[in-house]
Structure formats: structure tokens, C-alpha cells
Amino acid sequence: MELTSRHREALTELINIGYGRAASALSELTGRRIILDVPKVDVFPVEHVGKALSKVLRGDVASVHQVFSGPLAGNALLLLDQEAAMLLNALLLDQPVGSRLDAAGREALIEVGNIVLNACLGVFGNLLQVQVTFAVPSLHLESVTGVLGSISVQEEELQYALMVHTRFRLKDSNVSGYLVIVLGITSFSRLLHELDHWETRQLSR
Amino acid sequence: MKVKPLPSTHSQELDAALLMWTHHLAPHGIFTTDTELRITSWNHWLERHSMLRAEQVIGQPLGRVVPTLGERQLERYFHDALRGEVKVLSSALHSYLLPFPPTLTESGFSHMQQSARVAPLMLEGRVCGTITVVEDVTEREWQNRQLRYEHERDELLSETLGHLLLARDPDALVRDLFNRFAAQLAVDTYLHYRLDPETERLHLESCAGLTGGQQAAASTLEKGEGFCGAAMLRRQPAVAPFLEKMVDPKADFFRTVGLEAFVAFPLILGDRTLGVLAFGTRTREQWTADELSFLQTIARYVAIALDRARQEHTLRVSEERFRAMAETVPDIIFTASAGGRFDFVNQRFYSMTNLAADGALHFGWFQTLHEDDLARVRDEWRSAVKSGESFNSEFRLRDTAGRYRWFFARARPIRGPQGSILKWFGSMTEVDELKQTHLALREAQAQLKEHAATLEKTVEERTTELRETILQLESFSYTVAHDLRAPIRALDGYGRMVLAEAGNQISAQARDGLDRIVRAAGRMDALTRDVLSYTKVATQQIELVPIDPAPVIEDVIVMNPALQEPRAVVAVVRPLHHVIAHPTLFSQCMSNLLDNATKFVPPGLQPRVIIRSEVVDAKHSTPGIRHRDLSGRKLQLSHGTCPRYVRLWVEDNGIGMDGLTQEKVFGIFERAREAKQYPGTGVGLAILAKAVERMHGRFGVESTLGAGSRFWIDLPPAP
């Protein structure tokens with residue numbers, strides 16, 4: 001499935017809306033102005049996402065993983081390489097950059113991931129006018145292959161991955177991460193279909 | 001979240017068991033609300049920590065039970081949960097969800113640290129409320145904070161050390177440093193004292209947290225006074241907690257300034273005592289071990305930095321003194337780093353050369369070197385720096401007028417206590433005049449040498465010419481002697497014939513005349529024979545072989561009755577050393593020597609001759625003896641070809657001779673005045689001299705008039 005430029009633009013805009021929500025929540029939480037950017041959005045068959053991630057993330061990655069179910073079902077992940085995770089943590093908690101992620105740090109990262117993932121999926125749910133149900137988020141520190149192993153659920157259906165390059169901007173620093181949402185083809189087609197509708201609604205307004 | 005459905009028969013029992021666990025045993029706080037956020041359950045853990053029983057809170061709105069939620073904007077997490085989202089509240093970002101008292105009193109937290117999950121409560125696919133799980137993470141957070149503090153302190157310490165070691169004024173740094181850690185450690189006061197080594201008093205250098213009046217009161221401490229003095233005296237930290245309760249009079253001052261606990265560290269480095277650094281707090285009664293160790297480390301670093309700064313100051317002062325001195329001397333003075341870069345050159349260098357100020361530094365001075373000296377001097381300097389040996393060199397430097405002047409440079413390394421080179425110290429002294437004189441002298445010497453060489457060559461040429469002349473003369477005399485013998489024999493023969501046949505018929509006067517003719521002819525014949533034998537010795541080709549002198553001498557004696565008893569006694573002291581010689585020439589020499597030894601003896605005295613040998617060193621020459629060749633030149637002794645000789649002595653009891661005679665006796669036709677009454681031609685010793693010379697030997701005589709002669713010949717020893 002190829003993403004048309006129109007779809008890509010619409011998706012980017014939609015995610016931006018979710019990120020705006022997440023950013024304001026994060027800013028409120030930390031008392032500092034935080035901006036979330038979307039430099040790039042891509043869609044791959046799920047088998048190709050590993051290759052695409054290996055190009056941009058090196059070594060072990062910290063991933064906040066959240067399963068969602070209901071009419072819109074799949075896996076959502078926020079991936080940061082170790083260095084970025086450490087930096088983001090230090091910036092959010094206003095601490096010096098550490099050398100390892102302690103329990104409190106991991107928990108904070110889960111909360112941040114949770115906010116970003118929920119915000120993003122929340123706007124999808126709103127668009128599709130469905131209730132998205134989430135599982136408790138978890139954090140893993142492992143290689144990209146390990147991360148993908150945990151999401152390749154044995155579904156009969158063809159799986160697609162929406163890969164969103166995400167940039168956290170705070171305190172004159174940039175931290176890059178990747179939001180990956182894995183959806184079945186049915187959910188995905190529905191999402192694109194609704195995107196067309198949404199666009200039309202936007203234009204007719 | 002998928003839950004595997006359990007068999008229905010067990011379902012109710014399991015639900016009851018789960019509820020029981022959740023309510024009574026779970027190590028977390030768990031509560032639920034309905035969609036209006038009214039509390040529907042409140043477990044035992046929450047009862048215990050909130051001091052609110054379940055029946056007190058169930059049915060109550062969450063916002064009323066936990067009023068702070070609203071002001072902390074946490075209520076919307078519950079609203080999000082009602083929309084189906086699972087929310088996470090991390091302790092790092094929120095500290096806590098429910099304001100409970102801390103479980104760990106020493107942690108210093110105002111509330112129990114919590115992490116929480118707020119999730120929608122689902123019933124048949126619908127959200128019917130929220131469920132919240134609260135976890136106590138106080139201990140974890142406290143440990144993390146301790147770790148972070150330790151880490152920060154380590155960082156602070158290492159950073160401090162770096163700053164202290166770089167700081168010119170460590171005292172200013174102590175002040176700065178204090179401001180950085182004071183808040184973290186809740187330290188309110190510090191006092192930095194400097195020790196006056198002469199009076200042993202402590203003088204306050206700087207401090208913080210004291211009023212002007214208090215500072216003045218603490219400005220000088222006598223030896224051993226107060227906690228600081230005590231710390232100094234004992235060279236041990238003085239820890240003073242619970243100042244309020246202390247009866248020690250030392251505590252009085254600190255109590256008056258409002259301190260609760262105090263600690264003084266002596267600033268010690270090796271055996272050097274520099275002062276005291278002390279800290280005080282107004283908020284706590286005692287120090288923790290961690291704090292003491294941290295403060296002690298700070299004190300140690302400060303001591304190191306102070307010592308270093310002091311040493312640097314001393315060094316700077318002595319360096320300045322050195323530079324001032326260096327400007328007063330007339331020489332060029334320089335210092336260089338261990339690596340050979342010039343780091344100081346005195347003014348004299350710049351006033352002499354055209355280099356701009358500091359232009360000689362590093363390797364800049366090379367620019368002023370004469371191009372012919374540059375490579376050599378650079379190599380010499382480089383190798384001196386590399387080997388650490390003294391640098392000694394001469395070179396030309398271009399002066400302000402562009403003229404090159406000679407300098408003598410000398411540099412030696414100054415070594416540290418471990419033997420490593422700290423610096424090079426050197427001087428350049430102008431030696432231009434000296435050098436010019438030296439050069440002139442060398443030129444004169446060269447000329448003289450050349451002249452001497454020319455002279456030697458001339459002498460050589462003249463000698464060769466002379467030799468040729470001698471050779472010509474020798475061959476001429478041979479011819480003359482040979483040709484003369486025939487008429488002499490005729491004279492002798494015919495004279496004898498006339499005497500034999502007509503001797504009786506002629507007058508006695510005529511017979512006497514004939515006798516004289518015959519005798520004269522005989523003498524003439526002997527003379528020509530000797531001359532012939534001399535020239536033969538001088539010119540014939542000879543081969544030198546090892547010989548034993550004894551049998552040769554034996555033969556000479558046997559052949560000549562005049563050498564035998566009773567006419568003479570010739571004794572040979574055996575064994576004689578073997579020599580390298582020509583047998584015939586050697587025999588001739590011995591024959592001549594023995595002839596002379598037995599001939600020149602006072603009448604009526606039996607000649608006694610002793611022949612013996614010894615080995616002499618070539619350099620050895622008997623005092624008073626002149627070694628001469630036939631032309632009267634001093635013999636050239638060749639030490640190189642023959643380091644030792646066999647010396648054959650022929651000692652007689654004859655008439656002897658005076659010094660003058662000894663000088664001349666080896667010359668041809670020379671006869672001793674005293675020998676006039678003895679028959680002879682005056683050629684014998686000349687033959688000997690020539691023969692010995694040709695056998696590469698030496699000869700001589702020791703004699704006293706009237707006391708016999710000791711002739712000797714030196715010949716190379718047989719191997």
C-alpha cells in the first residue's frame with residue numbers, strides 16, 4: 001500500500017493535532033515549554049519496519065509499548081535510542097544526564113510515552129468515532145529486533161506500520177524518537193478512508 | 001488486554017479470592033470510582049496510610065477525599081481514564097498521587113513517594129468507572145536520590161580539584177566552592193585560616209556566614225586556641241557536634257554565632273602544615289559520616305591547591321629575581337624548557353642582534369646564526385637536549401650592523417628531585433676577539449708547518465744527492481785501490497828481487513833505501529786491501545740470516561794466532577744471544593774488534609778480552625755514547641722495525657781513548673793519537689761501522705784513556 005502525498009499530508013496534520021495535545025500536557029506536567037514536531041511520516045509493510053528503524057536507531061533502544069484494542073486494534077510504540085532516552089529524561093526531570101536509566105527514570109519515560117501514544121491514538125479514535133481501549137504501557141530496553149519481536153503478533157491479517165519521526169524540543173535541545181503504530185490492513189484502510197472524509201469535511205467547512 | 005476466560009464454575013470463587021487479595025493483602029493502594037468519580041472501593045493498604053476507613057470514603061467524591069488533586073491538576077487523569085485511556089503517573093514527575101505521610105522518616109521527603117496507574121474500569125465493553133493502583137516507591141526514590149547526591153558530590157569534587165589546581169588564588173576558589181556546596185550540604189559557615197609558621201598563630205584568610213564583628217573576633221587564633229587551633233596542633237580533624245549541649249569553653253564562640261555543629265580540618269600536605277579549613281551549620285546538631293568525608297576531601301584538595309599555589313609563587317619570585325639578575329650581566333643568558341625551547345633570553349641578546357622582543361624565544365635565536373653554523377648548532381642543541389648532556393658550542397651571531405661575531409655558548413640542564421630535566425640554563429659569551437686571534441694563530445701555524453715540510457724536503461733531496469756522491473766516491477776508491485795494487489805489487493816484488501840478488505853488492509845506504517821501498521810497498525798494499533774490503537762491505541749485496549755468534553767468534557780466534565794464548569786471552573761468556581746478521585760481515589766485524597782489542601795494549605801486557613751479550617731496549621742508549629754513521633751524522637735509530645737489540649760487548653785491557661778520539665774513531669782513515677806507535681791503516685773500525693749499518697745494527701764505545709775500551713755492536717735478535 002502506497003501512501004499518496006495527500007494522505008501523507010493529512011496524516012501528518014492529524015498526528016500534529018495529537019502531538020499538540022501531548023505537548024501541552026507535557027509542558028503542564030514539567031512546567032517547561034515543550035514542543036513536539038513531526039518531521040516525517042512513512043508507512044511500511046510491517047516486515048520492512050525493522051530495516052527502516054535499524055537505519056535510524058543504533059544499539060539498544062528504549063521503547064514504550066502500549067497495546068490497544070477495540071474497533072481500532074494494534075500496537076503503539078515510542079522508540080528512543082539509549083542516548084536520546086537519557087537526554088529526554090534529564091531534560092524532563094531537570095537533572096544532569098545520567099549514565100543509566102533507573103527505575104524512576106524508566107517510569108517517567110513510560111508516562112511520557114503514554115501521553116504521546118494516547119494523544120496520537122486518541123485523535124485516531126476521534127476521527128474514526130470509535131472507543132480505543134488501552135492496555136497498561138510497558139518499557140523495554142533492547143535491540144530493534146527484540147522490539148519488533150514483541151509486536152509481531154500472530155495475526156492472519158496483513159500488518160502495516162505507521163512510522164512517525166518525532167522530535168521533542170525543550171530547553172534549546174532536540175531529542176529525536178520514533179512513534180510506530182502497527183495496524184491491520186482493515187484498520188489502516190478505514191483510517192485512510194476516514195482521512196479522506198475528514199479532509200472533505202475540513203474543506204467544506 | 002485479553003484475559004483468558006476461566007471455567008465458569010471457578011469464576012465466582014476466583015473473583016471472591018481476587019477481591020479478598022485486592023482488599024486485604026495487596027501491597028499497593030487500590031481504589032475504584034464510578035463514572036462520576038465517586039469512590040466505590042478503598043482497600044486496606046489505603047486505610048492504613050490515609051487513616052481513613054473504607055466506610056468513611058466510599059460514596060464520597062474523589063475530589064473531596066483527596067482535595068489536592070484539583071489544585072495539582074491530577075483530576076484529568078481520571079477523566080482520561082473514563083475516556084478509555086490508561087494513565088501512568090511517575091514519581092519522578094509527580095512525586096505522589098495521594099498525599100500520605102512518608103514511610104521512611106530519614107528520607108527527608110514530605111510525602112510518601114508514589115507511582116500510580118489510573119485505568120478505565122470496563123464492564124461488558126463499557127467504561128463504568130476508574131481503577132487506580134498506587135505504589136509506595138519512597139525507599140526507591142530515596143536510594144536514587146542518595147545515589148544522585150553521591151554522584152553529584154563526586155562530580156563536584158573532581159571539578160573542584162580541577163579548578164583548584166588551575167586557580168591562581170585558591171582562597172578565592174574556596175569562597176566560590178563554598179557557595180556551590182553550601183546549600184546542598186546545609187553548611188552555613190566556613191573559616192579558612194592560614195598558619196604563620198614563625199608565630200604558630202592562625203590568621204583568618206576568608207570566611208562566610210559571619211558578621212563583621214564575629215569575623216574580627218575570630219581573626220587570629222593563638223597556638224592551640226579553639227577547635228581550629230586544636231585541629232592544627234593535633235594534625236587531626238576536630239569534630240564538634242551538639243554545640244548547644246557542649247560544656248567545652250571552645251564551643252562558646254560558636255554558640256554565640258548560632259552554630260549547632262562545627263568541624264575543623266587541618267590543611268596538611270606531607271609534613272607541611274598550611275592552615276585550617278573549618279565548616280559550621282546552624283540547622284543540624286551533627287554531621288553524617290558522608291558529609292564529614294566529603295568536607296575532608298574538600299579540605300585535602302584545598303591543601304594541595306594552596307601548597308601548589310605557594311610553590312608557584314616561590315618559583316615566580318625566584319624566577320623574577322633570576323631575570324633581574326640576568327639583565328645585569330654582560331653575557332647573553334637564556335633558559336629553555338626541557339624540550340629545548342627557549343623561554344627566556346635576556347636583553348643583551350636583543351641589544352646585540354636585530355631580533356624583535358621575544359623573537360629569540362622557542363627556536364627563534366637560530367635566525368641570527370651564520371648560515372654555515374646553523375645546521376651544526378641545531379644538531380648540537382638537539383642532541384644535548386635529547387641526551388641531557390651539557391651543550392658546548394661556538395658559532396657566529398649576526399649583530400645589529402650585520403657583522404657576524406663569534407660566541408661561545410654553554411648550557412646545562414637543571415634536574416628535579418627525580419632526575420628529570422626541569423629546565424636548561426645557559427649563557428653565550430662573546431669570544432670574537434679571542435676567536436680572531438685564534439684563527440690568526442692557526443694560520444701562522446699552518447704556514448710554519450708548510451715551511452717545515454719544505455725544509456724537510458730540501459734536506460731529503462740534499463741527503464739523497466750526498467748519498468749518491470758517497471756511492472760514487474766509494475766506487476771510485478775501489479777502482480783506484482784495485483788499480484793501485486798492481487804497481488804496488490810490482491814495486492814490492494821488484495824491490496825484494498833486487499835485494500835478494502844484489503843485496504851484497506850494493507852499499508849499505510842503498511840497501512837501506514831498498515828496504516824502505518819494500519816496507520812502504522807492503523804498507524801501501526795492506527792499505528789498498530783494506531780500502532777494497534771497506535768498499536766491498538759498503539757495496540756488496542747481502543742477505544741477513546739468524547746466526548749464533550759464538551762459533552763465528554771461535555773461528556776468528558782459531559784463524560789468528562795473535563788472538564791465542566800465550567799472546568792473548570780471549571774469553572767468551574756463553575751463551576751468546578743469537579742475532580740476525582750476514583755471516584761474513586759479522587765475522588769481519590768481530591775480527592776487526594778483536595784485532596784492535598789485542599793490538600792496542602801497552603807493551604809487556606798480555607791482552608785480555610771478554611766477549612759477552614745482552615738484550616737491550618731499542619730506546620735504550622748508553623749515556624755518553626754517540627751513534628754515528630760514516631758521514632758523521634747521528635745514526636737514525638728505527639724503533640719501529642726493531643724494538644730490541646742483542647748487544648755484543650768486546651771489553652779489553654788496552655790503552656783506552658779519550659772522548660774526542662771516541663767521537664772520531666769510527667771514521668775512515670781515523671787513528672787514535674795514542675795508536676800512532678801501533679801498525680794499522682785506520683780503516684778497520686770504518687769497515688765495522690759500515691758492516692753494522694748494513695746489518696741494520698748500531699755500534700759504539702765506552703772508554704777511558706789508560707783503562708781499556710768496551711766496544712759494542714747492537715744487532716737485531718734472532719727470533
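# Notebook: chains A and B

**Entry 1, the interface.** I began where the chains meet and found 25 residues of chain B in contact with 29 residues of chain A. I note here that the model is a predicted one. The size of an interface is often given as the accessible area lost when the parts come together. I looked up that value: chain B and chain A bury about 2300 Å² between them, and 51% of this is on carbon and sulfur atoms. On the chain B side, the residues that lose the most area to chain A are Val86(B), Val88(B) and Leu93(B), which together make up 26% of what that side buries.

I then looked for charged pairs across the interface, and the rule finds three salt bridges there. Glu107(A) and Arg140(B) form a salt bridge through their side chains, with N to O at 3.1 Å. I also wrote down a network of salt bridges that links Arg21(A) with Asp80(B), Arg83(B), Glu85(B) and Lys87(B). Over all chains, the structure holds 37 salt bridges.

**Entry 2, helix α6 of chain B.** Asp80(B) from that network sent me to helix α6(B), residues 75-82. Buried residues in this helix are Tyr77(B), Phe78(B), Asp80(B), Ala81(B) and Leu82(B). After α6(B) comes Gly84(B), which has a positive phi near 105°.

**Entry 3, chain A as a whole.** I counted six helices and seven strands in chain A. Read from the N terminus, their order is α-β-α-β-β-α-α-β-β-α-β-β-α. Chain A has 205 residues, and 56% of them are buried. Its accessible surface comes to about 9000 Å², with 50% belonging to carbon and sulfur atoms. Of the contacts in chain A with a separation of 6 or more, 74% are between residues 24 or more positions apart.

**Entry 4, strand β6 of chain A.** How many residues of strand β6(A) are buried? I found ten of the twelve, residues 159-170 being the strand, so β6(A) is largely enclosed by the rest of the structure.

I looked up its partners next. Strand β1(A), residues 35-45, runs antiparallel to β6(A), and nine bridges join the two. In this pairing Ile35(A) stands opposite Arg169(A). β6(A) also pairs with strand β7(A), residues 173-184, in the antiparallel sense, here over twelve bridges. Thr166(A) in β6(A) faces Gly177(A) in β7(A) as its opposite residue. The strands β6(A) and β7(A) form a hairpin with two residues between them. Lys171(A), in the turn, has a positive phi of about 50°. I added a textbook reminder: in a regular strand the side chains alternate between the two faces of the sheet.

**Entry 5, chain B as a whole.** For chain B I have 21 helices and 23 strands. Its 719 residues include 41% that count as buried. Chain B exposes about 39600 Å², with 54% supplied by carbon and sulfur atoms. Of its contacts with a separation of 6 or more, 59% join residues 24 or more positions apart.

**Entry 6, three salt bridges in chain B.** I started with Arg376(B) and Asp373(B), whose side chains meet at 3.5 Å, N to O. Both lie in helix α15(B), residues 371-387, three residues apart, which is about one turn of the helix. An α-helix has 3.6 residues a turn, so residues three or four places apart point the same way. Which of the two is buried and which is partly exposed? Asp373(B) counts as buried because its relative accessibility is 3%, and Arg376(B) counts as partly exposed at 33%.

The second pair is Glu554(B) and Arg574(B), whose closest N and O atoms are 2.5 Å apart. Glu554(B) lies in helix α18(B) and Arg574(B) in the loop between β18(B) and β19(B), so the pair ties together parts that are 20 residues apart in sequence. Arg574(B) is exposed at 52% relative accessibility, whereas Glu554(B) is partly exposed at 31%.

The third pair is Glu702(B) and Arg710(B), with N to O at 2.5 Å. Glu702(B) is partly exposed at 21% relative accessible area, and Arg710(B) is partly exposed at 27%.

**Entry 7, a nonpolar patch.** Last, I looked at the surface of chain B. Leu473(B), Phe476(B), Val480(B) and Leu484(B) form a nonpolar patch there, with about 350 Å² of accessible area together. Leu473(B) sits in helix α16(B), residues 432-502. Is Leu473(B) buried or exposed? I found a relative accessibility of 52%, so Leu473(B) counts as exposed.

Conventions:
Residues are numbered from 1 along each chain as its sequence is written. Chains are lettered from A and ligands numbered from 1 in the order in which they are written. This is a predicted model: local features need pLDDT of at least 70, side-chain atom pairs count only at pLDDT 80 or more; totals for chains, interfaces and linings use all residues. Side-chain values use heavy atoms; hydrogens and water are left out. Buried means under 20% relative accessible area, exposed over 50%, partly exposed in between (1.4 Å probe, protein chains only). Two strands pair if DSSP finds at least two bridges between them. Patches are made of residues with over 30% relative accessible area and no salt bridge: like charges are joined within 9 Å, nonpolar side chains (Val, Leu, Ile, Met, Phe, Trp, Tyr) within 5 Å. Accessible areas come from the Shrake-Rupley method with a 1.4 Å probe; for residues, only the protein chains shown count as cover. A salt bridge is a side-chain nitrogen of Lys or Arg within 4 Å of a carboxyl oxygen of Asp or Glu. Contact means heavy atoms within 4.5 Å. Buried area is the accessible area (1.4 Å probe) that two parts lose on being put together, summed over both.
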